[in-house]
Amino acid sequence: MSVRIGVIGTGAIGKEHMKRVEQRLSGAKITAVTDVNPAAAEEALHELGIKANFYPNDQALIDAEEVDAIFVTSIGPAHEATVRKAIEAGKYVFCEKPLSVTAKGCKTIMQDEMEYGKRIVQVGFMRQFDKGYEQLKQAIDSKVIGEPLMIKCAHRAPEVDAAYTTDMAITDTLIHEINILHWLLADNYVSVQVLYPRKNKHALPHLRDPQVILLETESGVLIQAEVSVNIKYGYDIQCEIVGEEGIVSLPETESLKIRHNGKQSTDVLQDWKVRFQDAYDKEIQVFINQVAKQEALQGPSAWEGYVAAVTSDACLKAQESGQREPIELESMPAFYSTERKVQLL
Ligand SMILES: NC(=O)C1=CN([C@@H]2O[C@H](COP(=O)(O)OP(=O)(O)OC[C@H]3O[C@@H](n4cnc5c(N)ncnc54)[C@H](O)[C@@H]3O)[C@@H](O)[C@H]2O)C=CC1
Ligand SMILES: O=C1[C@H](O)[C@H](O)[C@@H](O)[C@H](O)[C@H]1O
């Protein structure tokens, strides 16, 4: 029996997820959509050739008999209320990051989910399903380089539009590094400082770009994270972990290597949709498989959404203060124990 999915927000990533469910994944179909811009929803259905019903709002879609599970792919500020409605209705929910734009909102969702009594919320931190990051995790856990001491990482994009603001470098972009490094290290953050190098001439007047974010973890690992969103050459995600006895790095993306005219070259991807396509496919397939079995979800949890929100808040404070700001996390409820008990695919 196919898992019947309702999609709330049919914009860029909403359409991507609709397409993957209908064209690449198994065990699910899109049966319902809603969007505050109905024309966007109708256009998405038409563009993707999907027959699904339009609902006037999130609550109507969540309550629909033909919906077993929800994709929340609306704008970040709308996520919290919709996720809470889904939990209230007992519907599984895949929520794109951020789970909520506030730590308090994430705590409320965790409380709701714990009261419901089963993990039915998965957050769209897809890098945990990326092959390269899975290899990094295996390397760290096997201590092949000893204990990790430092991490140098970079989140680079060729350009951003005028709507992109300095705080979005944290809440929209660095949030991926915040989640994946917390997952890789299994270590909480304790402080953050934000530095602004010389401004990129391609950055619009309102935007501070690039940014360097220095994070420290409970075990003392120091992380230097670069966010550059007007770097022109491509969409390039880098991660190098320095350990006691060696270094391990995120593998480069696969590319043809061309030797010509005395030079050799490989391609740099230009788009996050392409860079993480396999990871998006896997995170959604894992979600579908677990919903089909009515299991407690084991993908990225609401707790991880909370960690990202608390850390983002501290980063935003550090953006303004220029000082080293503390990151204070509450202890993780046992309900959200992090080990993944089964092979998820
Ligand atoms: N995991 C990842 O790599 C990515 C995650 N995202 C996240 O996904 C979410 C959506 O991002 P995009 O698709 O780029 O945005 P978008 O602006 O392209 O699409 C958002 C859609 O939601 C609709 N919408 C807004 N408020 C709504 C509401 N209250 N109810 C229903 N629909 C509503 C808008 O009309 C629009 O069609 C964001 O939270 C973003 O951070 C986006 C891109 C990549
Ligand atoms: O979530 C995303 C994308 O996955 C990209 O990694 C970021 O560069 C973008 O800012 C954000 O929307």
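Let's start at ligand 1, where one of the oxygen atoms is 2.8 Å from a polar backbone atom of lysine 97. Bear in mind that this is a predicted model. Glutamate 96 joins in through its side chain, with an N or O atom 2.9 Å from a nitrogen atom of ligand 1. Aspartate 172 also uses its side chain: an N or O atom there is 3.3 Å from an oxygen atom of ligand 1. On its own, ligand 1 has 850 Å² of accessible area, and the protein covers 77% of it.

Where does ligand 1 sit? The space it takes up is the largest pocket. Three helices each give two or more residues to the shell around ligand 1, namely α1 (12-23), α4 (76-88) and α7 (168-185). Of the elements, α4 supplies the largest share, three residues. The shell has 23 residues, and those that come nearest are Ile13, Asp35, Glu96, Lys97 and Tyr280. By class, the shell of ligand 1 splits into 10 nonpolar, nine polar and four charged residues.

**Ligand 2**

Now for the other ligand. Ligand 2 sits in the largest pocket too, the one whose space ligand 1 takes up. Which residues surround ligand 2? They are Lys97, His155, Asp172, Thr173, His176, Tyr235, Trp272 and Tyr280. A few of these make polar contacts with oxygen atoms of the ligand. Lysine 97 puts a polar side-chain atom 2.8 Å from one, histidine 155 has a side-chain N or O atom 3.0 Å from one, and threonine 173 brings a polar side-chain atom to 2.9 Å. Alone, ligand 2 exposes 300 Å², and the protein buries 84% of that.

Here, α7 gives the largest share of the shell, three residues. As for residue classes, the shell of ligand 2 holds three nonpolar, three polar and two charged residues.

Lysine 97 is worth a second look: its backbone faces an oxygen atom of ligand 1 at 2.8 Å, while its side chain reaches an oxygen atom of ligand 2 at 2.8 Å.

Here are the polar contacts of both ligands side by side:

| Residue | Part of residue | Ligand atom | Distance |
|---|---|---|---|
| Lysine 97 | backbone | oxygen, ligand 1 | 2.8 Å |
| Glutamate 96 | side chain | nitrogen, ligand 1 | 2.9 Å |
| Aspartate 172 | side chain | oxygen, ligand 1 | 3.3 Å |
| Lysine 97 | side chain | oxygen, ligand 2 | 2.8 Å |
| Histidine 155 | side chain | oxygen, ligand 2 | 3.0 Å |
| Threonine 173 | side chain | oxygen, ligand 2 | 2.9 Å |

**Backbone oddities**

Lysine 97 turns up again in the backbone, as a cis peptide bond with omega of about 0° joins it to proline 98. Proline 98 is in the loop between β5 (92-95) and α5 (103-116). Another cis peptide bond links aspartate 209 to proline 210, with omega about 5°; proline 210 is in the loop between β8 (189-195) and β9 (211-217). Then there's lysine 143, which has a positive phi of about 55° without being a glycine. Lysine 143 is in the loop between α6 (131-141) and β7 (148-156).

**Domains on record**

UniProt, in an unreviewed entry, annotates residues 3-125 as "domain: Gfo/Idh/MocA-like oxidoreductase N-terminal". That span is 46% helix and 21% strand, and its end C-alpha atoms lie 21 Å apart. For residues 137-328, the UniProt annotation (unreviewed entry) reads "domain: Gfo/Idh/MocA-like oxidoreductase C-terminal". Residues 137-328 are 33% helix and 26% strand, with the end C-alpha atoms 25 Å apart.

Note on methods:
Residues are numbered from 1 along each chain as its sequence is written. Chains are lettered from A and ligands numbered from 1 in the order in which they are written. This is a predicted model: local features need pLDDT of at least 70, side-chain atom pairs count only at pLDDT 80 or more; totals for chains, interfaces and linings use all residues. Side-chain values use heavy atoms; hydrogens and water are left out. A residue is near a molecule or strand if one of its heavy atoms lies within 4 Å of it. A polar contact is a pair of N or O atoms within 3.5 Å; within protein, one must be able to donate a hydrogen and the other to accept it, and residues adjacent in sequence count only if both atoms are side-chain atoms. Accessible areas come from the Shrake-Rupley method with a 1.4 Å probe; for residues, only the protein chains shown count as cover. On a 1 Å grid over the protein atoms alone, a cavity is a set of points where a 1.4 Å probe fits but cannot get out, and a pocket is an open set with protein on both sides within 12 Å along at least five of seven lines; lining residues have an atom within 4 Å of a point. A molecule sits in a cavity or pocket if more than half of its atoms lie within 2 Å of its grid points. Helices (H or I, at least four residues) and strands (E, at least two) are DSSP runs, numbered from the N terminus. Ala, Val, Leu, Ile, Met, Phe, Trp, Tyr, Cys and Pro count as nonpolar, Asp, Glu, Lys and Arg as charged, and the others, Gly among them, as polar. UniProt positions are given in the numbering used here, feature names are shortened, and annotations may be inferred rather than shown by experiment.
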